[in-house]
Amino acid sequence: MAIISDNSDLLTGKSNENRKKNPIIKPETIEYDNTFENNIRPKDFDSYIGQSALKETLKVILESAKKRGKPLDHMLFYGPPGLGKTTIAGVIASQMGVDIKITSAPALERPRDIIGILMSLKGGEILFIDEIHRLNKVAEEILYPAMEDFTLDMTTGKSQTAKTLRVPLPKFTLIGATTKAGELSSPLRDRFGMIHRLEFYSVEELAKVVQRTAKILDINVTEEGAVAIGKRSRGTPRIANRLVKRVADFAIVKYDGLIDEKVANESLDILKIDEFGLDNTDRALLNLIIDKYDGGPVGIETIAAALSEDVRTIEDVCEPYLLQAGLIQRTPRGRKVSPEGYRHLGKSIGSEQTKLF
Ligand code: ADP
């Protein structure tokens, strides 16, 4: 069953993110399927590129759990979309030789959704909940004893005759993923034994992602071609994978099928992905703050409304990379375009703004 269909027309995955908000996820267990994204998902530590600190820590944790014959501690991974949170959960499961059940908080709306999934788990299995910051209060409260004591506290009957039943659960591992660790309630956050932030990837790492994906998809790419795509992938493997597919289309139709540096750059220019990896929405955001709000600061709601985008898409998808690239700055009064952001768009800073920097 598909988690998210992969017919996104926006290369940076923004429409995919929109779909994540209203996901085509059924409450029942979701298994890996054979969509594009799952076909190219690394299944072991060796093919999982980058994030070396995380991999080293995990290797130790996994080894220790195996030696002690104990289930893994619950883990929380956070960071912008497309950095490999779901993928690392799958790697952990396959390294432990256990099954993984994948779901997402918006699919766990009713108590019976979370109860059903918890009761279907077998010992040692991994339950992966994406967008865990969006769990509702009731689902969270069901999870607390499940995570802590591996029990389900169920109430039967009404008011005075109500009884609480403690149902034992198999020892499972919960892996949560979120783009917003700060929005997790502290009781939930405290129940994770390991919390790790995934980092943006370097150009070299992204070039490796491009080469790996190209090999799986039987696409010819030179080292320089892979680096050129890596440079415009916004530090994000999911974007690198999308770009390699799009550039391959150009290479086949317009060139002789080989992706070299020239083919990569020309194709990405045509696709309006600039040398920082910014697309039309990112540039529209920067232009808006500069042209309409004198460089900022301006509030996120105003930006989202002016761009007809959703606040969450701006916050989760556009902003993290613009901040990381130093093109915008976050201030208590809103977002500001940095001098680097002005330079990137070839605009000069107004006199008022110059005083501020
Ligand atoms: P997230 O769950 O953080 O949104 P995913 O785990 O779904 O991101 O990753 C998106 C895609 O990027 C995956 O299909 C996978 O192919 C690729 N990917 C992610 N991390 C890596 C990695 N470390 N090495 C290689 N490919 C990766």
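What follows is a short exchange about the ligand site and two backbone features of a predicted model.

Visitor: What makes T87 a polar contact of the ligand?

Guide: A polar side-chain atom of T87 lies 2.5 Å from an oxygen atom of the ligand. The cut-off is 3.5 Å for a pair of N or O atoms, so the pair counts.

Visitor: Why does Y201 count as a polar contact too?

Guide: Here a polar side-chain atom of Y201 is 3.1 Å from a nitrogen atom of the ligand. That is within 3.5 Å, so Y201 qualifies.

Visitor: And what makes N241 one?

Guide: An N or O atom in the N241 side chain is 3.3 Å from a ligand oxygen atom. Again the pair is within 3.5 Å, so it counts. As for cover, the ligand taken alone exposes 560 Å², and the protein buries 99% of that.

Visitor: Where does the ligand sit?

Guide: In the largest cavity. The term applies because more than half of the ligand's atoms lie within 2 Å of the cavity's grid points.

Visitor: Which residues come nearest to the ligand?

Guide: E37, I49, G82, T86 and T87, out of 20 around the ligand. The shell divides into nine nonpolar, six polar and five charged residues. Domain 1 (37–197) and domain 2 (203–270) each give at least three. Helices α4 (85–96) and α10 (237–254) each supply at least two.

Visitor: How do you know that the backbone at Q51 stands out?

Guide: Q51 has a positive phi, about 45 degrees, although it is not a glycine. Q51 is in the loop between α2 (36–39) and α3 (52–68).

Visitor: What kind of peptide bond joins G296 and P297?

Guide: A cis bond, with omega about 5 degrees. P297 is in the loop between α12 (280–293) and α13 (300–307).

Terms used:
Residues numbered from 1 in each chain as written. Predicted model: local features only at pLDDT ≥ 70, side-chain atom pairs only at ≥ 80, totals over all residues. Heavy atoms only, no water. Near = heavy atom within 4 Å. Polar contact = N/O pair within 3.5 Å; in protein donor to acceptor, adjacent residues only side chain to side chain. Areas by Shrake-Rupley, 256 points an atom, 1.4 Å probe, with all protein chains shown as cover. 1 Å grid on protein atoms, 1.4 Å probe; cavity = no way out; pocket = protein on both sides within 12 Å on 5 of 7 lines; lining within 4 Å. Helix = DSSP H or I, 4+ residues; strand = E, 2+ residues; numbered from the N terminus. Nonpolar A, V, L, I, M, F, W, Y, C, P; charged D, E, K, R; others polar. Domains from an automatic or database assignment.
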